[in-house]
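Here is a walk through one protein model, strand by strand and then residue by residue. Please keep the sequence and the 3D view open while reading.

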Amino acid sequence: MDSIHVRGGQPLNGRIPISGAKNSALKLMAAALLTDGELKLTRMPDLADTRFLTILLTHLGASVQAGPGVMKIHADTLARTEAPYDLVRKMRASFNVLGPILAREGQARVSLPGGCAIGARPVDLHLQALKDLGAEIDLTEGYVVASAKGGLKGARIHFPFVSVGATEHAMLAAVLAKGETVLENAAREPEIADLADCLNAMGAKVEGAGRSTIHITGVERLSGTTHAVVPDRIETGTFALAAAAAGGKVLLEEAIPEHNESLWKLMRAAGVQVTSVEGGIEVSRNGHPVLAVDAETRPYPGFPTDLQAQFMALMTRAEGTSVIRETIFENRFMHAPELSRMGANITVRGNEAIVRGVKTLRGAPVMATDLRASVSLVIAGLAAEGETVIGRVYHLDRGFERLEDKLKACGADIDRRQE
Ligand code: UD1
């Protein structure tokens, strides 16, 4: 199993190219199942998660060709309407194939998902949305069996709370439903707007994505297109926080400043310089101490739960005490005990972590517990004295493309070993 070794104390200086967003790429890949045309995705990240989903799409009968930064998916016909447990359990986002298969074939059988161990993460909102669109849904032996004999029908779908996955799933199904669908209390993440842009380029009629109410007018068929995946705001934020923790100055190439406003606000309050420049965002901290700032995770445009662990890593060495509140997932502080092994002073009480800044972190052997938690340990390692060895890095490989290479190019002392 691979581990990552980081010897801290080197500032980061240089340029970091930002990849396409994992969370968008996965839904765009599912969208390819809606058409018999070819979907060509550019700025496509190559990640363990996109590879998992490739296996599932191939199983369903799509032909998938991947090259550097590009993926072509052609689901001329679907050979199967079933996504088995083995192919879905490793990654929750694969559950999103249910809607497209159902919309196209009138039936689908998809295993209930697994995914990161960051909470219960049910799929009730996804299933309710499909039921609202007229699907009959049965749960048997760990599978969702869905059918819509006369096809899906447009509906008003009101989400009781904001869910990224359920909003996207409803969009993926409603684009081929008969009539008009209105999604109320929809998620507003940039990945939702990205999915809508791609679906519209395929011939769908989606209006209002990025706002709380989305209108979709169903069309009879969609065609292939070429679409560039939106730059990854979570990767952007992660490298910004890494530079803030390690010190130095980095240019995050192609990053879209507006997609991380909530983070920039916190980082500026912490004394870090964040500037929009031609071609991306520049983040620097030269000599200034980091100040403690409180943070609370919220649906977009609030501060993202996917950056909470990385932000905590920065706060471990801040001047003062920071309170970090997690409101999206109930079990997302698993990095706290690992950071504490490196000398951080963190007390977790329910959904709050109280982080008292310490002068020094010291390298230690630590364990990655989920995708974003694992990268918070890399950030802490960059800012620590001595060597940090991070185990179970397969979590990290699910969502970060060439992480060590990108950090190394900016002067980090980091490498990966097979042990
Ligand atoms: C997506 C992202 C993930 C991010 C999360 C929140 C992908 C592949 N993953 O996950 O990285 O952390 O958004 O920004 O895009 N919930 C229910 N029932 C449902 C669906 C969700 O109770 O049917 C709950 C979840 O348990 C969670 C909350 O709603 O507490 C928000 O989850 P959701 O926005 O759906 O997250 P995902 O789409 O799974």
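How many bridges join strand β3 to β14, and do the two run parallel or antiparallel? The model, which is a predicted one, shows 4 bridges between β3 (residues 38-42) and β14, and the two strands run parallel. Within this pairing, Leu41 stands opposite His227 in β14. Strand β14 itself covers residues 225-228 and has two unlike faces: Thr225 and His227 are on the covered face, while Thr226 and Ala228 are on the uncovered one. The general pattern behind this is that side chains in a regular strand alternate between the two faces of the sheet.

The next stop is a sheet that joins strands from distant parts of the sequence. Strands β22, β23, β1 and β24 form an open sheet of 4 strands, in the order β22-β23-β1-β24, and the pairing is mixed. The edges are taken by β22 (365-367) and β24 (413-418); each has a single partner strand, so one side of each is left without a neighbour in the sheet. From one strand to the next, the twist averages 25°.

As general background, strands of a sheet pair through backbone hydrogen bonds, either parallel or antiparallel. Both senses can be followed here. Strand β1 (residues 2-7) is joined to strand β23 (residues 387-391) by 4 bridges, and these two run antiparallel. Two positions help to locate the pairing in the view: Ile4 stands opposite Ile390 in β23, and Val6 stands opposite Thr388 in β23. On the other hand, β22 and β23 pair in the parallel sense, over 3 bridges. Here Met367 stands opposite Gly391 in β23. The connection between these two strands can be traced through helix α12 (residues 371-383): β22, α12 and β23 make a right-handed β-α-β unit.

Another sheet can be read in the manner just used. It is open, has 4 strands in the order β2-β15-β17-β16, and its pairing is mixed. Its edge strands are β2 (12-17) and β16 (273-277), each of which pairs on one side only. The twist in this sheet averages 15° from one strand to the next. Strands β2 and β15 pair in the parallel sense over 6 bridges, and Asn13 stands opposite Lys249 in β15.

From the strands, the reader can turn to the side chains. How many aromatic pairs are counted? The count comes to 1 aromatic pair. It is formed by Phe303 and Phe311, whose ring centres are 5.5 Å apart; their planes stand at 70°, so the pair is edge-to-face. The angle decides the class because planes over 60 degrees apart count as edge-to-face. Both partners are buried: Phe303 has a relative accessible area of 4%, and Phe311 has one of 0%. A ring also takes part in a contact of another kind, in which Arg109 lies over the face of Tyr143, at 4.0 Å from the ring centre.

Cysteines come next. A search of the whole structure finds 0 disulfides. Cys198 has a relative accessible area of 0% and is buried; Cys410, at 3% relative accessibility, also counts as buried.

The last topic is the backbone. In general, most residues other than glycine have a negative phi, and most peptide bonds are trans. Some places in this model depart from that pattern. The peptide bond from Tyr300 to Pro301 is cis, with omega near 10°. Pro301 is placed in the loop between β18 (295-296) and α10 (308-315).

Where does Glu141 lie? It is in the loop between β8 (136-140) and β9 (143-147). Phi of Glu141 is positive, near 50°, in a residue other than glycine. Glu141 has 74% relative accessibility and counts as exposed. Glu254 likewise has a positive phi, near 75°. The loop that holds Glu254 runs between β15 (248-253) and α9 (261-269). With 46% relative accessibility, Glu254 counts as partly exposed, because that class lies between the 20% and 50% limits.

Definitions and conventions. Residues are numbered from 1 along each chain as its sequence is written. This is a predicted model: local features need pLDDT of at least 70, side-chain atom pairs count only at pLDDT 80 or more; totals for chains, interfaces and linings use all residues. Side-chain values use heavy atoms; hydrogens and water are left out. Rings of Phe, Tyr and Trp (its six-membered ring) pair if their centres lie within 6.5 Å; planes under 30 degrees apart count as stacked, over 60 as edge-to-face and the rest as tilted. Buried means under 20% relative accessible area, exposed over 50%, partly exposed in between (1.4 Å probe, protein chains only). A charge sits over a ring if NZ of Lys or CZ of Arg is within 6 Å of the ring centre and within 35 degrees of the ring normal. Two strands pair if DSSP finds at least two bridges between them. Axes are lines fitted to C-alpha atoms, for helices over the stretch in contact, and angles run from 0 to 180 degrees between N-to-C directions. A crossover is right-handed if, with the strands pointing away from the viewer, the path from the first strand over the helix to the second runs clockwise. A disulfide is a pair of cysteine sulfur atoms within 2.5 Å.
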